[in-house]
Amino acid sequence: MYDVVVAGGTLGVFMATALALKGWRVAVVERGKLQGRTQEWNISRKELQELEELGLLTAAEAESCIALEFNPVRVGFHGGADVWTRDVLNLGVKPDMLVSLMRQKLEAAGGKVYEEVQLGGVEVLSDGVSLVVTSQTVPGGAAAAAGDAQSSGTRVQYASSITTRLLLDCMGHASPVVRQLRWGKKPDGVCLVVGGCARGFDPAANSTADIIYTNNDMQRPGTAAASSSSSNSTGQLQYFWEAFPAADGFLGQPRGGQQQSTKSGEWKSDARTTYMFSYMDAQPWRPSLQALFEDYWRLMPQYQQLPGGLQQLQFQRLLFGFFPTYKDSPLPPGFDRILQIGDASGIQSPLSFGGFGALTRHLRRLSSALHDALQADALAAGELAQVNPYNPGLSSAWMLQRAMIGSRSADGRAPPADLINKMLAGNFAAMTGMGDEVLKPFLQDVIQFSPLMRTMAAQVVQDPGFVPQLMMHVGPVALADWMLHVGALGAFTALNKAAAPPLKLLASSSALPAKAGYSLRRALEAWEFGSGSDYKL
């Protein structure tokens, strides 16, 4: 029996390795090959350093995984001033190398990888979890030793079982366990993303990135502009752009296979990855990913200012995704001994795409909490729920996503086409004036009470007439709900500042029973992470 089995290996291998290095017996189950994609993950150096601080990477290994580094990065909204900052999502790291390194370290620590193995069922027992897995492999493969076989053409399907004390579900939004827990529940919001990586951009102009950018107001899919009086304005969307230089197009590569410098300003590339995304509710009349792709082809040349249009580009790959979001996040465990982590848990901000960056922010907290849970045998559903508790910072981000949905207002009228751009331009103008301690946490999906209050106050002073428009767009129910979460954000901030220091001494002592100590440490973490106080510039 293993102590921990992680289902879903591409991101789960990071958690698996962290736990294996703490001395636990760990296995990873992955339905495909355990390997990262060739397309870079864009993160901040601060997030990569989290892996160093946990002992998962050395400084040299971390540097070797960086494909390229760039600065500055831009935030801008149609009709407002552009904001330039540095060191936010400014690294392109190599997922294939990162995942390979994690696998090596996992196996060196005694961990096991089951790849090309499908999770067929899970049974929770009083003393553990039994996983039914199947593997399509050639006769005589590694899976043959584990269980029964059924012939399937030229290949053989082997069924076996794996037992563990704790199952970590890292299978993302589409996890079969998550689908069972959320059965019949429509997402409260969705983010549709389309994009591609292409060569043919001007290398001299390809050294900066866009974190979030708009160059048009709201519009209906397939049209050049939106009209707030249109009878079809229920389909209005605000399109956002994100773009990063890509390593596919390195130019002037030294001979002899030497790696070109990845440092900002020391490389040239004609490749760029551009994403177009939009927030919306899960209504049947909302557009499909195919419809968004049609608008991507139409609008991208204007956004990237391509004199030759799409004809000057050579696309290397296309990218698309559908990210459902739920208000009741993080998702509480529905069973003993099973816990969702990563995107499966809903711990990522509804404003972001989740994935690697969202995992790294919580990796230290989660690996420590799970180590604690295993030691205390705190593996019941209610005890595991304390690992991913209520987070007022996460919940207060919901109103921000709601405000960026280009839907009809509560009174039945379409919102002004420039409403979202005007709101965001005002927000970022206010934050920029307050410095990096306000701007950078928000750009990395961290909501903090004081910066939020200061930003709101500044925007009210700058444009008091805009506030009623925004309130009408959001609606009174969503606004009241948001105010409750903001109040909780303030309470968590106060508790973390005033009550946490003396309680940390008690939590680290041996005076408490194991499970009581476990619960106290989770409460302290909830205050710290729920208030955004874990974030350091």
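Let's start with the cavities: this predicted model has 2 of them at 30 Å³ or more. The largest cavity holds about 90 Å³ of space. Of the 13 residues that line it, Arg 365, Pro 389, Glu 525, Ala 526 and Phe 529 are the closest to its centre. Two elements give two or more residues to that lining, namely helix H7 (356-376) and helix H16 (514-530). H16 is the top contributor, with 5 residues.

The second largest cavity comes in at about 40 Å³. Its lining is made up of Asn 215, Asn 216, Asp 217, Gln 219, Gln 238, Tyr 239, Trp 241 and Leu 299. Here is how the two linings break down by class:

| Cavity | Volume | Nonpolar lining | Polar lining | Charged lining |
|---|---|---|---|---|
| Largest cavity | about 90 Å³ | 6 residues | 4 residues | 3 residues |
| Second largest cavity | about 40 Å³ | 3 residues | 4 residues | 1 residue |

Zooming out, the protein has 16 helices and 18 strands. Buried residues account for 55% of its 537 residues. If you take the contacts with a separation of 6 or more, 76% of them link residues 24 or more positions apart. On the outside, about 22,300 Å² is exposed, and carbon and sulfur atoms supply 55% of that area.

Now for some backbone details, beginning with cis peptide bonds. One of them joins Asn 71 and Pro 72, with omega at about -5°. Pro 72 sits in the loop between strand S4 (66-69) and strand S5 (73-76). Another cis bond runs from Ser 329 to Pro 330, where omega is near 0°. Pro 330 also belongs to a loop, this one between strand S17 (314-325) and strand S18 (338-340).

Then there are positive phi values outside glycine. Asp 87 has phi near 65°, and its loop lies between strand S6 (83-85) and strand S7 (91-93). Asp 445 has a positive phi of about 65° too, although it is not a glycine. Asp 445 is placed in the loop between helix H11 (436-443) and helix H12 (449-462).

How does the accessibility of these two aspartates work out? Asp 87 has a relative accessibility of 40%, so it counts as partly exposed. Asp 445 is at 31%, and therefore it is classed as partly exposed as well.

Methods:
Residues numbered from 1 in each chain as written. Predicted model: local features only at pLDDT ≥ 70, side-chain atom pairs only at ≥ 80, totals over all residues. Heavy atoms only, no water. 1 Å grid on protein atoms, 1.4 Å probe; cavity = no way out; pocket = protein on both sides within 12 Å on 5 of 7 lines; lining within 4 Å. Points joined across faces, edges and corners; volume = space filled by probe spheres on them. Helix = DSSP H or I, 4+ residues; strand = E, 2+ residues; numbered from the N terminus. Nonpolar A, V, L, I, M, F, W, Y, C, P; charged D, E, K, R; others polar. Buried < 20%, exposed > 50% of the residue type's maximum accessible area, 1.4 Å probe, protein only. Contact = heavy atoms within 4.5 Å. Areas by Shrake-Rupley, 256 points an atom, 1.4 Å probe, with all protein chains shown as cover.
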